[in-house]
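Biologist: Could you take a careful look at the ligand site of this model, and then set it in context with other local details of the chain? I would like the cut-offs stated as you go.

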Amino acid sequence: MTNFSENPSHLKIKFKLHDSLATGLPVVALESTLISHGLPWPDNLETALACEDAVHTAGALPATVSIIDGVIHIGSSQELLERLARNKQADIQKASRRDIPAIMATGATAATTVSATAFLARSAGIRFMATGGIGGVHRGAGQTFDISCDLAELGRAGQPMALVCSGVKSILDIPATLEKLETLGVPVVGYQTREFPAFTEFSSGLLLDHSVGEPELAARIFSIHELLDMPTMMLFAQPCSSDLSLDVDLAEKARVQALSEAASQGITGKAITPFLLGRISQLTLGQSLRVNKQLIINNAATAGQIAAAYSRLSQRQADQRTP
Ligand code: PSU
Ligand code: MN
């Protein structure tokens, strides 16, 4: 753990999590930007609660991460999830990793993106995490340089961590994102797929080199990643369910329109991802929202199963070592 964890005025870890973190029981971190900025009310609260349930059902403890009134929260009460979901005066900021110090110093409240969630969760000793889609390389990044900090965090040296997601949205440049992950040395393993998923679309047509079918093998891969002290996170990419997958033509139309509206309204920077998600949901008459919710919950369940399998594996390895 880093030194902020020794200062209780900076950090609140939900009571139930203390023992699990100390004894190596399975814990899954969940990001909160998808609650406050990614999904509309009340679907966002429903999804956040369903994710926590799914992690519990899988045999792990959920820890939704956020910064509330300047204090890092690892694990959230229902009340807190509701505050994030209602985002009442739109006063909840979107914090990526670099925003954390300013938000804490000013006592502000922020939901954490994948990069900020991973950074904080890892510092608290959490190894597993789930989200919907990660940020990636935006289309036109050659000119705008808009590449999500999520990728920098995934490739950052530090204690290894595994993240379950459904790839990246097709509003981003998917091939460029995969190339960037390769450069960063981030292992990408398909979970019950051989293709990199495109978020609300089942497939991107881009083949992966590795795939697993069940949590035990995923846990074994992660434990070797850890044993070798690989200095990156690892991605398990799980597609949305194929019968919910968005129709390709409808998705393409919505994407083109949303991207052109963003350009004509001059929307850039951290506002662009929430804008595109919201517009695409409207333009697909809620279809993308339905898939979005399903895949987020499913990823939380899978992360819980992998975390539980990892704990069993670690226990077996410890038993073998004791004579
Ligand atoms: N993708 C989604 N929904 C989301 C996000 C991404 O489908 O809510 C959020 C995540 O929190 C992710 C962040 O970490 O957006 C990336 O933002 P940016 O593209 O500004 O880096
Ligand atoms: Mn960006």
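Modeller: Helices (H or I, at least four residues) and strands (E, at least two) are DSSP runs here, numbered from the N terminus. Residues are numbered from 1 along each chain as its sequence is written, while chains are lettered from A and ligands numbered from 1 in the order in which they are written. The model is predicted, so that local features need pLDDT of at least 70 and side-chain atom pairs count only at pLDDT 80 or more, whereas totals for chains, interfaces and linings use all residues; side-chain values use heavy atoms, with hydrogens and water left out.

I begin with the ligand. Ligand 1 is surrounded by 15 residues, the closest being S148, D150, K169, F199 and T273, where a residue is near a molecule or strand if one of its heavy atoms lies within 4 Å of it. Two of these closest residues also place polar side-chain atoms against the ligand: D150 at 2.7 Å from an oxygen atom, and K169 at 2.5 Å from a nitrogen atom. G133 takes part through its backbone, with an N or O atom 3.3 Å from a nitrogen atom of ligand 1. Taken alone, ligand 1 exposes 470 Å², and the protein buries 92% of that (accessible areas come from the Shrake-Rupley method with a 1.4 Å probe; for residues, only the protein chains shown count as cover).

The space that ligand 1 takes is the largest pocket. A pocket, on a 1 Å grid over the protein atoms alone, is an open set of points with protein on both sides within 12 Å along at least five of seven lines, whereas a cavity is a set where a 1.4 Å probe fits but cannot get out, and lining residues have an atom within 4 Å of a point; a molecule sits in either if more than half of its atoms lie within 2 Å of its grid points. Helices α2 (33–38) and α12 (272–283) are the elements that give two or more residues to the shell around ligand 1, and the largest share, three residues, comes from α2. Sorted by class, the shell holds four nonpolar, seven polar and four charged residues, where Ala, Val, Leu, Ile, Met, Phe, Trp, Tyr, Cys and Pro count as nonpolar, Asp, Glu, Lys and Arg as charged, and the others, Gly among them, as polar.

From α2 the chain leads to a point of backbone geometry. P42 lies in the loop between α2 and α3 (43–57), and the peptide bond that joins W41 to P42 is cis, with omega about 0 degrees. Most peptide bonds are trans, and most residues other than glycine have a negative phi. Two residues that are not glycine have positive values here: N87, with a phi of about 35 degrees, and Q192, with a phi near 60 degrees. N87 sits in the loop between α4 (78–86) and β5 (93–95) and is buried, since its relative accessible area is 13%; Q192 sits in the loop between β9 (188–191) and β10 (210–212) and is exposed, since its relative accessible area is 53%. Buried means under 20% relative accessible area, exposed over 50%, and partly exposed in between (1.4 Å probe, protein chains only).

Helix α6 (residues 114–123) is mostly covered, with nine of its ten residues buried, among them V114, L120 and R122. S123, another residue of α6, counts as buried because its relative accessibility is 9%, and its side chain reaches the backbone oxygen of F119 at 2.8 Å. An α-helix has 3.6 residues a turn, so residues three or four places apart point the same way. After α6 comes G125, whose phi is positive, near 90 degrees.

In helix α10 (residues 215–227) lies E226, which counts as buried because its relative accessibility is 17%. The side chain of E226 makes a polar contact with the side chain of R127 at 2.5 Å; such a contact is a pair of N or O atoms within 3.5 Å, and within protein one must be able to donate a hydrogen and the other to accept it, while residues adjacent in sequence count only if both atoms are side-chain atoms.

Finally, D69 lies in the loop between β3 (61–68) and β4 (71–74) and is partly exposed, because its relative accessibility is 45%. The C-alpha atoms of D69 and I103, 34 residues apart along the chain, are separated by 8.4 Å.
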